[in-house]
Amino acid sequence: MKKIITLTFVIVFLYRCEKPVKISDRKTISKTAESTTSILKIEGCEYVFYTSTSGAALTHKGNCSNNTHKP
Ligand SMILES: [Zn+2]
């Protein structure tokens with residue numbers, strides 16, 4: 001019984017990991033020869049996405065438009 005519960009948990013976990021992230025909106029706000037900065041909208045939240053020749057970074061946008069962040 002314990003194996004079945006563990007197996008079910010692993011299958012659910014793997015399914016969730018393979019679920020693709022849906023980007024609903026993408027706006028490029030800055031572009032140079034070496035880097036690009038964009039605003040992405042993922043599941044209602046806005047993120048700043050920075051890519052350059054040396055790496056990439058993704059962070060939640062401070063003034064995100066999602067109503068869940070507003071008091
Ligand atoms: Zn947000």
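Among contacts in this protein between residues at least 6 apart in sequence, 0% join residues at least 24 apart. Keep in mind as you look around that this is a predicted model. Its secondary structure comes to 1 helix and 4 strands, and reading along the sequence gives the pattern α-β-β-β-β. Of the 71 residues, 0% count as buried.

**The sheet as a whole**

- The 4 strands form an open sheet, and their order in it is S1-S2-S3-S4.
- Pairing in this sheet is antiparallel.
- At the edges you will find strand S1, residues 23–31, and strand S4, residues 55–60, each of which pairs on one side only.
- Neighbouring strands of the sheet are turned against each other by 20° on average, with direction ignored.

**S2 and S3**

- Strands S2 and S3 pair in the antiparallel sense over 8 bridges.
- If you would like a landmark in this pair, try Ser 38, which stands opposite Phe 49 in S3.
- The hairpin of S2 and S3 has 2 residues between the strands.

**S3 and S4**

- Strand S3 covers residues 45–52, and its antiparallel pairing with S4 runs over 6 bridges.
- S3 and S4 also form a hairpin, with 2 residues between them.
- Two cross-strand positions help with orientation here: Tyr 47 stands opposite His 60 in S4, and Tyr 50 stands opposite Ala 57 in S4.

**A residue worth a look: Glu 43**

- Glu 43 sits in the loop between strand S2, residues 35–42, and S3.
- Its phi is positive, at about 50°, although Glu 43 is not a glycine.
- As general background, most residues other than glycine have a negative phi.
- The positive phi of Glu 43, near 50°, belongs to the hairpin of S2 and S3.
- Is Glu 43 buried or exposed? Glu 43 has 9 C-beta neighbours inside 10 Å, and therefore it counts as exposed; the cut-off for that class is 12 or fewer.

**To take away**

- For a quick tour, start at edge strand S1 and finish at edge strand S4, following the order S1-S2-S3-S4 through the open sheet.
- On the way, pause at the S2 and S3 hairpin to see Glu 43 with its positive phi.

Definitions and conventions: Residues numbered from 1 in each chain as written. Predicted model: local features only at pLDDT ≥ 70, side-chain atom pairs only at ≥ 80, totals over all residues. Pairing = 2+ DSSP bridges. Axes fitted to C-alpha atoms, helices over the stretch in contact; angles between N-to-C directions. Buried ≥ 20, exposed ≤ 12 C-beta atoms within 10 Å, placed from the backbone. Contact = placed C-beta atoms within 7 Å.
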